[in-house]
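Here's a quick walk through this one for the bench. Have the sequence and the 3D view open side by side as you read.

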Amino acid sequence: MESGSAKLQFKSWLSQFRNGSNPWMARYVYGFMFLIANLLAWAVRDYGGNVLTEMERLKGCHGVKDCLGAQGVLRVSLACFMFYFTMFLSTAGASKLKEPRDSWQSGWWSAKIVLWVTFIIIPFLLPAAIIQLYGEIAHFGAGYHSILLLIPVFIMVFLLIQLISIISFITWLNDCCQSSKSERCQIHIMLLATTAYVLCLTGIILMYIWYAPEPSCLLNIFFITWTLVLLQLMTSVSLHPKVNAGILTPGLMGLYIVFICWFAIRSEPSGESCNKKAEASNKTDWLTIISFVIAVLAMVIATFSTGIDSKCFQFRKDETESEDDVPYGYGFFHFVFATGAMYFAMLLIGWNTHQSMKKFTIDVGWASTWVRIVNEWIAVCVYLWMLVAPIIWKSRQTAESA
């Protein structure tokens, strides 16, 4: 009976997939296609050198391995970007089920597979100059000194969208916990918040031990100490009587910024005297491979979860939903994946087309470090603004009405 029920359910899913009647199932297919593009870009970078050397369009690299790998990654990224941006243009504004754009989102898979394969082929036929231009658009160059001037719009949009989605989830979780007035729930909140703060402080102490073993490691000391200051700042603002956001939200946000700081320092190039962990992981071993796989999956999952979280970007939250409304913003979903295509390219080449990337490494280099650090600072600024902005607007409305 159970086997028959499973077969019936599988046939139902397959029928929905063929008929294009399940937009929730469609998002998993798009996510799987994005994962395939990530793995293809990695394979081209690490193992496609011999094939790429024979391609006439890549002769501008003169056989330089690093250049060939970066060019291959950028070509796959451009193909992925073109596909999802085409889907964004063709589904933007869809609001009701059963309309043509909804059918295109959930069906026509044969046509979309052909379209996807075509977009994969086209970038490998383009001259190296066009791919190099795409790379310049998708990243801000090798050096971090010009970061404030050359941060790419698309990458920053992706990071900002992901950031707001994470903060919205943390705020939602805090509101759900605080909505219950039972004493047992309040105890759970306190335990969760205490655990978050303990993990934050433990992470900061470990970063001091691992990445700032000597007083000469001034940059890492600054990164870690400033993270501790930001944690204290978020806690103070959240517990202010006028804000009263509770202790859980800053604790979870603290975990987030500590993780970003750790990721940023881990991205420092191997060979730096202050980054002993990078030196230890200089050789490709099973731990490096596992870390790489986790990093790729985490990026795909983060892109996927951000893409379906379009409601946190709605300006009007009070609009009533009807049964025939689309379950998520199709255009927003594909736009996030299009910007994510640029983002995974920058991670795989270390934000520098001329940088040597070892096998099974991702997001390594000084440019990667500074992108993470700036992202951490922006995260705190956005979080504090989301706390303070309602108070400022309310005080302005009160002043205008008086």
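What follows covers confidence, the cysteines and a nonpolar surface patch.

First off, keep in mind that this is a predicted model. The protein chain has a mean pLDDT of 76, and 72% of its residues reach 70 or more. The two extremes among the elements look like this:

| Helix | Residues | Mean pLDDT |
|---|---|---|
| α8, the lowest | 147-150 | 37 |
| α11, the highest | 218-238 | 92 |

There's also a stretch to treat with care: over residues 140-151, pLDDT stays under 50. The model does have 20 contacts beyond four places in sequence for residues 140-151, but where pLDDT is low, the predicted coordinates should not be read in detail.

Now the cysteines. How many disulfides does a search of the whole structure find? The count comes out at 0. As for where two of the cysteines sit, C80 is buried, with a relative accessible area of 0%. C381, on the other hand, is exposed, its relative accessible area being 52%. C80 gets called buried because its value falls under the 20% cut-off, while C381 counts as exposed because its value is over 50%.

Last stop, the surface. Which residues form a nonpolar patch there? They're I205, L206, I209, W210, F259 and W262, with about 550 Å² of accessible area together. Two helices, α10 (183-211) and α12 (248-266), each supply at least two residues of the patch. The largest share, 4 residues, comes from α10, and I205 is found in that helix.

Notes: Residues are numbered from 1 along each chain as its sequence is written. This is a predicted model: local features need pLDDT of at least 70, side-chain atom pairs count only at pLDDT 80 or more; totals for chains, interfaces and linings use all residues. Side-chain values use heavy atoms; hydrogens and water are left out. A disulfide is a pair of cysteine sulfur atoms within 2.5 Å. Buried means under 20% relative accessible area, exposed over 50%, partly exposed in between (1.4 Å probe, protein chains only). Patches are made of residues with over 30% relative accessible area and no salt bridge: like charges are joined within 9 Å, nonpolar side chains (Val, Leu, Ile, Met, Phe, Trp, Tyr) within 5 Å. Accessible areas come from the Shrake-Rupley method with a 1.4 Å probe; for residues, only the protein chains shown count as cover. A salt bridge is a side-chain nitrogen of Lys or Arg within 4 Å of a carboxyl oxygen of Asp or Glu. pLDDT is the predictor's confidence in each residue, from 0 to 100. Contact means heavy atoms within 4.5 Å.
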